[in-house]
Amino acid sequence: MPPHPIRDARAQPGVGWVIAALALVAGALGILVMVAPVTADDPVVNWPPAGRQPVSTVLPLAPYRPLQLTATIPCATLRALDARPGGGEALRTLPADVGAVPGEGLVVSTAQGIVTVTASGAEVVHQLLPAGPCTYRVVADAGGVRVSRDGATVATRTGLLVPQVAELQTDATTQTSGLGVQLHTDARYQSRPTLVKTALIIAHALALSLLLILAWWWWRGDGPGLVRPRLSWADAVVAAVSLAWVVLGPVNIDDSWYLLMSRNAMQSGYIGNAIYQFNVTENPFSTSQYVMQAWGGLGGNWSLGWMRLVPLGYGLATYGLLRVLVATMLGRAARSRVAPWAVAAAHLLWWLPYGMTLRPEPLIALGSAATFVLAELARRRRSVGVFAVAVACAAGTVTASPTGVVAAAPLLLGLPWLWQWWRAAGGSHRLAAVLLAGAAASIVVPVGFADATLGDVLESVAVHRWYYWQFPWYAEYLHYENVFVGDERGAWGKRLPVLLTLAVLLAVALGAGRRAGTAGRSAQLLGITATVTTVSLAAMALTPTKWVNHFGAVAAPATALLAAAMIRSPLPRRAGTAVAAIGSAGLVAAASVAFAGPNLWRPLSDWGQPFGDHRYIETPYMQSLLMPSLGPLALRNPLLWLAVAAVGWWWLRGPARAVLTTATGLGVALMLVVFTIAPLRQYPGTSVALMNLHALTGQPCGLAASVQVFRDVRPGLGPPTGGATLTGDMRAAPLQDSTPVPIWPADGAIWDDDVLSGTGRGAVQTPWYPLPQVHPVNAWIVVPVRGMLSKQQRLDVQVGTGDPNAPDHVRTVQLPAAGNKPEWTQLTIPLASAGLAAPTAVRVVAQDRVAGPDSWLAVGQPRLATPRPITELIGGRPVFADQTSAAFWPCQHQIAVHDGLVEAPAFQLRTGDGMEGTLIQNPVSPDYGGVLLQVDRTTKDIELPAQLTPPGAPTLGWGHVDELIYPHPVGLVDLHVTAVRRAGWTRLPTLIGERYTGRAYVG
C-alpha cells in the first residue's frame, strides 16, 4: 500500500519549509512585478508642423484632455484679429457649437482691444491687449492652467483641468509667425517592461513553475489517477458539428468589439477597450484578447471565419476535458453507450449558442473544465500539489474576465479532504500549504501586469466603474431577467440551456433527501456537478455587469450536470409521486418557456432565418410569430412536453429524464437546422456562413465583396423645368437652414415643412428634371431626405416619357419608409422599376401627412446614380467599422487609437438589422468615454445610398455607409513619440470625476 501523503511528506525533512520559502519568493516576485518600473510612451504633438504656417486642423484626442498643453500666441496675431470687425479667435481646441460657453476646450480670442482666455469652462484672462511686441503663453497640466505674457504671470487657476482638444483652429491668416501649440497626449497605457521588470517577470515565472512542480511531486498523494475515456462516435459528431459551426454559427453582438480590441493592440501595444472608456487598458482581464491578437497577427487575417478557429480550439478542448471528468467520476459506468452521447448532447446544447464567440466565455469554460478535472484528481489522490495547480488554473481563468471567478467553484470539492489533511499536517506543512495557494494565485501577474503597472490597473478599474453601469451582487436577478426579453438576448437557443440547467438543479434539490442507498458513481456525479454548477451560478453575482452572454462562463459544470442527469434521472426512483411531479413539471416549464423565445439572431445571423417575418419585431405579438414550431405544433406548448413526460413515465419510469433528453436533443437539432436553412434561404445573397466560408478559403474580405454604393452619373439630371408645387407648411428652404453640410449637388434645391408653429403637414411636387439622352442601363434615382419618415408619410418618384418639360406618360414608384432620420439619408429606386421603355424626366412627390410638431419632412432634388463596388469609394482610406460589424470588414483600413490620438475616419460602416439606435452612442457619447467623441464633434456625416448585392431574403437592412465631412484638414501636425520611465505605483491625473466629461457617478 502506498505511503500516506502526510507521513511521506514528513519523512522528507524540510519539504514544508522548502515549499514555503519558494512560495514566499514567488509571491514577493509577483508583487515586485506589479510595482516595477516601465518605459512609457510620451507622444508630443507640435502645431504647426516644422517650417509651416499655422493652418486649422482636426486633431481628435482620446482621452480628450492631454497631459500637458502649451500654447504660444503672439500679440501681433491678436492685434491682426482685433482689427477685424467683431475680432476673432487666435486659437480654439473645441468646435464653437460644443457644450456651454465657455466650453471645456481652450479659446484665446480678442475683440475691441480685449484679450480673453477661457479654459475648461472658466474665464482665465480678460484684459486689454497691450501695445507693442509681446507673446502670451498658456500652460495647462496637472497643476492647473497658467497664463503668462513675456514670462510674467498674468493668471493662474490651479483647480482647472487641462482643456479638451478635438481641433486646433485659428481665424488668423496674417501675422501668424510664432503661433503654435505643443501637446503631450495621454498615452499612459502605452508602455513596455523595463529590463528590471522583464527580469522580475522571468524570475517569477521560473519560481512559480518550480514551486508547482515540486509541490505536485512531493505532495502528489496516493490515490487513483484520471480515467481516459474510450473513443465514441459521439466524439466524431462533436468534432464535425464544431467544425461546421465555425461557418454556420451565429454572430455574437460583441464579436467585433473584442476583435477590435485585439486588432487595435497591434498598433497601440496594449489591450484597450477600443470603443469607449477612453481606450483604457482591459488589464488584468485581457487573456482572451491577447490570444486573438497573436492569432490574428499570425495569420494576417482579421475575418470572423479565421478568428473563430480560436473558440473552436477552446470548445474541443473543453469537451475533451469534460469527457475525462465524466469518465473518471463514473468509473465503469462510463463504458455504457449512453455516457458519451449524453456529454456530447449537453456540450452542444451549451456550446452552439454560447461557445462560438470571440468573447472570453469560451476560454472561461475551458479554464473551468480544467480546474474541475484537476480538483477531481486532487480529491481522488488527496494531493495538495495537484490542488495548487488547480488553484493556479482557476486564478489564471479570472484574467479572461471578472466572470472567470466561476472557475473557482470546483475548488470546493477539495474542502472535505483538505480539512482532513490540515488536521493531520504539521505546522510547517500548514504554513507551506497556505503560502502555496497564495503563490499559485499569483499566476495572474504575468498576464495582468506584464505590460501594465499597478497604477495603470487601478486607474483602469476606476474608469470602468465610473463610465459604465455597475450592478451589486443582489441585482443578480437581472442576469435571468435578460434571458426572458423578447429580442435576440432572449432567443430560444440561449434560453434553453440556462432554463434546463436551472430545472435540473431544482430536481436534484428535490430528490437530495431521498437518495438513501443510491450512493453510486452516477449519483455522486450528479450531486457533485449540481453543487459546482450552483456555486458557479452564485459566483456570477459577483460580476459587475449582467449580460446574457455571461451564462456561457458556467457551460463546463452545467454541461457535466446535464450529462449526468441524462445518464441517471435527476430524480431518484423512490422520490415519491409529489416530488416526481414537481421535478418533472419544472423541466416541462423550462422547455416550454425556452421554446417561447424568438428565433432572433441579430446582428447579421438573422438573415434568412425561418419562423415569422423578421422585419417586424416591435411588439410582443410580432415576436410571438418568431417562436419555433414543427409545422402547426408550437414547441412552446406545454401540452407537448407533458406528453413527453407521460411517455417517459410509462416507458422509462423517468419523466424528468425523458423531458430533459428530448428537449436537449431537439434543441441541438433545431439549432443545426435553422442555421443551415438561413444561409440557403439567403443565397445567392451573402450571409454569415458564406462570408466565413470565403474567409477560410482565401477570400476574407467579408461584406466588401457584396456592398455597392451609389455614385453620381456624369452627365446627371438636367436643370429643373419650371417650379415646385408646394402646399401646407412646405417651403423652399435655404441650404444652410436645412442641413449642416452640403448634399449633392451642393447647389441643389431643398424643401421642408419644419416650420415653427406650423401644422406639421405639407407636400411638395418638385419640377421635372430631364434625364440625359444617354444614361446607364442600371441607372438609379437617388433622393436625399430627412425627417420622420414613417409609413404614414408618402415619398414617390415619378418617371415620365415624351417631352421632359411636360411628360405625356407618367409612372409613380413609391420610396421605402426609412424611420426617424434627423440627419440626411438618401433613398434609392432603380429607374427601370417604373417600367418605361424610354424615360425622359423624373420628379419627386413628397407628402407629410402626419399632423403635429413632431412630424416633419425635408426633401432634396433627385440625382442620377449607378451602383459601384464600395471598394472603389473607400480604397485604402481609413474607416470606422463599428463594434458590431468590424469582423466583416477585415480588409479595410480600420482606424486605430494610439498615441493618445484617434485616427480620423473618412467613412463610417454601421450595422443595420434595426439595431442602429442601440449601437451608435457607445463610441461617441461622453457619458461612456466614447473614443470617437472628438471625431463626432468635428464632423458632419452623410449617409450614402448603398445596397447589398445580390439581394437575399428580406431583412431589416444590412447596414449603412456614412461619409464624414471635416471642417478642416486632418492631422496637420508633427508627432514625435519619446519615452519616459515610470514607477509601477505611479498614477497619472485621473480620468474619472464629473469634471472630466460631465458624467456623474451612477453606480
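Start by selecting valine 879: its bridge partner is glutamine 894 in strand E30. This is a predicted model, where local features need pLDDT of at least 70 and side-chain atom pairs count only at pLDDT 80 or more, while totals for chains, interfaces and linings use all residues. Residues are numbered from 1 along each chain as its sequence is written, and side-chain values use heavy atoms, with hydrogens and water left out.

Now show strand E29 (residues 878-881) together with E30; the two run parallel and share two bridges. Strands here are DSSP runs of E, at least two residues, and helices are runs of H or I, at least four, numbered from the N terminus; two strands pair if DSSP finds at least two bridges between them.

Widen the selection to the whole open sheet: five strands, ordered E30-E29-E33-E36-E34, with mixed pairing. Strands E30 (893-894) and E34 (940-944) are the edges, each with a single partner strand, so one side of each has no neighbour in the sheet.

Next, jump to strand E4 (residues 88-92). Five of its five residues are buried, meaning under 20% relative accessible area (exposed is over 50%, partly exposed in between; 1.4 Å probe, protein chains only). E4 pairs with strand E5 (residues 106-111) in the antiparallel sense, over four bridges. Pick arginine 92 and you'll find valine 107 of E5 opposite.

Time for some rings. The structure holds 20 aromatic pairs; rings of Phe, Tyr and Trp (its six-membered ring) pair if their centres lie within 6.5 Å, with planes under 30 degrees apart called stacked, over 60 edge-to-face and the rest tilted. Select tyrosine 189 and tyrosine 270, a tilted pair at 5.9 Å centre to centre and 40 degrees between the planes. They sit 81 residues apart, tyrosine 189 in the loop between strands E12 (180-184) and E13 (191-193), tyrosine 270 in the loop between helices H6 (255-268) and H7 (287-299). Both tyrosine 189 and tyrosine 270 are buried.

Then try phenylalanine 710 and tryptophan 780: with centres 4.7 Å apart and planes at 55 degrees, this pair is tilted too. Phenylalanine 710 belongs to strand E16 (residues 707-712) and tryptophan 780 to strand E22 (residues 780-789), 70 residues apart. Phenylalanine 710 is buried at 4% relative accessibility, and tryptophan 780 is buried at 16%.

Last stop: Tyr64, Phe278, Tyr467 and Tyr996, which form one aromatic cluster. Add arginine 65, whose charged end sits over the ring of tyrosine 996, 5.2 Å from its centre; the cut-offs are NZ of Lys or CZ of Arg within 6 Å of the ring centre and within 35 degrees of the ring normal.
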